[in-house]
Amino acid sequence: MRSRTHEAVLPYILLLPAFLLLVGMLYPFCLGLYYSLTSYYLQYPHLFRFVGLGNYLALAKEPLFAYSLKFTLGYAAIGVIVQVGLGLGVALLLHSRIVGRGVLRAMMLMPLMMPPVITALMWKIMMASTKSGILNHLLSFLGLGPINWLGSVDSAMVSILIIDTWGNLPFVALILLGGLQSLPYEPYEAALVDGASGWNVFRFITLPLLKPFIVLAATFRVMDALRIFDVIYATTVGGPADATMNLHMRAFFFAFQWYQMGMGMAYAMVLLALVFLASYFLMGYWKRAAEQTTT
Amino acid sequence: MATACAPTSLVRKWTGRLLVSLAVLLLVVWTAFPFFWILLTSLKQPLDVIAAPPKLVFEPTTDNYLAIFIGQKRGQYSSTRPDFPRFFLNSIVISCGAVALSFLAGVPASYALARHSFRFKEPIAFLFLSFRFAPFITFLIPLYILFQRVGLYNTYSGLILAYQLITLPFTIWMLRSFFMEIPLEVEEAAKIDGCSWWGILTKVILPLSLPGMAVTVILGFMFSWNAFNYPLMLAGRQTFPVTVGAIQFISYEQVLWGQMAAASLVSVLPQLILSLFVQKYIVRGLTMGAIK
């Protein structure tokens, strides 16, 4: 009897230290949620008062809100398509019999473990707008450029996407490579017997079987793309002319440039809701895809 | 028919090979070139950095490295950021502290989540996981206000606590996935032999998952090393890690490109070395144990 109650309590005791830290994380979160309902100017504490949904209403009227929302969603959508598409290509390449596959695979890990800020700074050097930038120099051989990569409204988002893709393409590629290596042989043997073409094998066997892996990689990429901050902060800081202003950057500006903590938190909560919705749908989609392929 | 087919299939084969080789070459250049260019930039004099067209051949200098490590005054290009060694040390202290705390709290928690059944088990596990996906700003704003109030702003302990948002969910999910790989029979055999839960944990589970724990610690350290957002606002000049330190080379008046390149390379050195040891587990770590 004694040992049974012991058994029942044990997991909670084991969880206690982590639980204390969890409370330490939830407390600031709840505090932040409350701040989003207040007018909180860090420099003018006497103006602090509860305003209900006032910040959210004010935010909805802000012209930059619509833009940053659009940018956040658009960036995530374009980013995930580009990165999963290219990642699939790289995975297929690494899966085929090529010389030095192991070396290539190890090399792909290097960008993956770089701090995103440092990645951004490296590319910032290469993307120098003048003719001293190496990318512009290389383009000049093709008779193109010079491009004002990070400095112009038209190319800033693409430049950020390039940097982000350099850092995260290996992530997608390695997940899909793992997927390719785990696929069963039987369907391929059957296809060989039937004399199916290479494209048909890819389209009707590889792609459906790989679906759970593709969805998982896409899920992680969408969540990270919605929240992208480091790369933008280190390169354009939301500029030029707010062209790369996403919700995350906007929240940061409100809180730490203008010290309007309430508005900053309201923006943060909108972003959180977006991430939550995306994760809810994508995770469900992933589960269904995983079940489909196993049955 | 066969004779007509042979040359075309040969041509096809060779164009296929050529395309694959080209793709491989492109991939290698795409991946390696930024490293090569940053190394070159870090060895350049300020005037060589901004030379147009960019110089491939130049007189290399170690000035940038000397500047970031010793802060030597060298004419107008003197380093205005002589505290890079300090940033490096800060990164080590904060990352080690964050990983140690997460590990101590995470081992028992992930063992409970892997092996025991109790109410709200999955919701608790997913609550931890959700921190992996929450935008950092939702925590950063209240933490900034709180830390200033209670004196944790610009302290190692404050940063180590804030980093738990990164390392604790990771540690718990990663260790859980390793613990779950240990066959239940091993544990049951130990139970029959009269081992208490403590005996099972220390004499069976922990020794068997030693490699997994090593991987978790190393990856946790690397993820903390990469952290940028939290220290950006919660640290001050005395506690900046290398990630925040590296952007200090950009100031209103000028960008010290060469020094920034040198600092960037030095600050990713631990990452590049450590990733050699955990190669096989990086994807597993990045997906919180979802992919093995």
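**Exercise 1. Which residues are buried in helix 6 (residues 134-141) of chain A?**

Start by keeping in mind that this is a predicted model.
- Step 1: Go through helix 6 of chain A and pick out the buried positions; they are A:Ile134, A:Leu135 and A:Asn136.
- Step 2: Now look just past helix 6, where A:Gly143 has a positive phi of about 80 degrees.

**Exercise 2. Work out how helix 8 (residues 186-194) of chain A sits, and what comes after it.**

- Step 1: Helix 8 of chain A has nine residues, and the number buried is zero.
- Step 2: With that count, helix 8 lies largely in the open.
- Step 3: Step off the end of helix 8 and you hit A:Gly195, with a positive phi near 70 degrees.

**Exercise 3. Describe the contact between chain A and chain B.**

- Step 1: Take the totals: chain A puts in 68 residues and chain B puts in 69.
- Step 2: Ask where chain A's side comes from; helix 1 (residues 2-35) of chain A gives the largest share, 15 residues.
- Step 3: Sort chain A's side by class, and you get 55 nonpolar, 10 polar and three charged residues.

**Exercise 4. Decide whether B:Pro34 is buried or exposed, and find its contacts.**

- Step 1: Locate the residue: B:Pro34 is in helix 1 of chain B.
- Step 2: Count C-beta neighbours inside 10 Å, which gives 22 for B:Pro34.
- Step 3: The cut-off for buried is 20 or more, so B:Pro34 counts as buried.
- Step 4: Skip the neighbours within four places in sequence, and B:Pro34 turns out to be in contact with A:Met122, A:Trp123, A:Met126 and A:Trp166.
- Step 5: For a distance check, take B:Val244: it is 210 residues from B:Pro34 in sequence, and the C-alpha to C-alpha separation is 20 Å.

**Exercise 5. Split chain B into domains and characterise the side of domain 1 that touches domain 2.**

- Step 1: Set the bounds, with domain 1 covering 2-77 and domain 2 covering 84-286 of chain B.
- Step 2: Taken over C-alpha atoms, the centres of these two domains of chain B are 33 Å apart.
- Step 3: Domain 1 of chain B brings 12 residues to the contact, and domain 2 of chain B brings 10.
- Step 4: On the domain 1 side, helix 1 (2-42), helix 2 (46-49) and helix 3 (63-70) of chain B each supply at least two residues.
- Step 5: Helix 3 of chain B has the largest share of that side, at five residues.
- Step 6: By class, the domain 1 side of chain B holds eight nonpolar residues, three polar and one charged.

**Exercise 6. Work out how helix 7 (residues 156-179) of chain B packs against helix 5 (residues 121-133) of chain B.**

- Step 1: The axes of the two helices of chain B come within 8 Å and cross at roughly 135 degrees.
- Step 2: Angles over 145 degrees would count as roughly antiparallel; helix 5 and helix 7 of chain B are therefore oblique to each other.
- Step 3: Assign the hand, which is left-handed for this crossing of helix 5 and helix 7 of chain B.
- Step 4: List who meets whom: B:Phe128, B:Leu129, B:Phe131 and B:Arg132 in helix 5 face B:Leu165, B:Leu168, B:Pro169, B:Phe170, B:Ile172 and B:Trp173 in helix 7.
- Step 5: Tally the classes for this contact of helix 5 with helix 7 of chain B: nine nonpolar, no polar and one charged.

**Exercise 7. Repeat the job for helix 4 (residues 84-115) and helix 7 of chain B.**

- Step 1: The axes of helix 4 and helix 7 of chain B come within 6 Å, crossing at roughly 35 degrees.
- Step 2: The crossing of helix 4 and helix 7 of chain B is right-handed.
- Step 3: The contact of helix 4 with helix 7 of chain B has 20 nonpolar, seven polar and two charged residues.

How values were computed:
Residues numbered from 1 in each chain as written. Chains lettered and ligands numbered in written order. Predicted model: local features only at pLDDT ≥ 70, side-chain atom pairs only at ≥ 80, totals over all residues. Domains from an automatic or database assignment. Contact = placed C-beta atoms within 7 Å. Helix = DSSP H or I, 4+ residues; strand = E, 2+ residues; numbered from the N terminus. Nonpolar A, V, L, I, M, F, W, Y, C, P; charged D, E, K, R; others polar. Axes fitted to C-alpha atoms, helices over the stretch in contact; angles between N-to-C directions. Parallel < 35°, antiparallel > 145°, perpendicular 65-115°, else oblique. Left-handed = near helix turned anticlockwise from the far one by under 90°. Buried ≥ 20, exposed ≤ 12 C-beta atoms within 10 Å, placed from the backbone.
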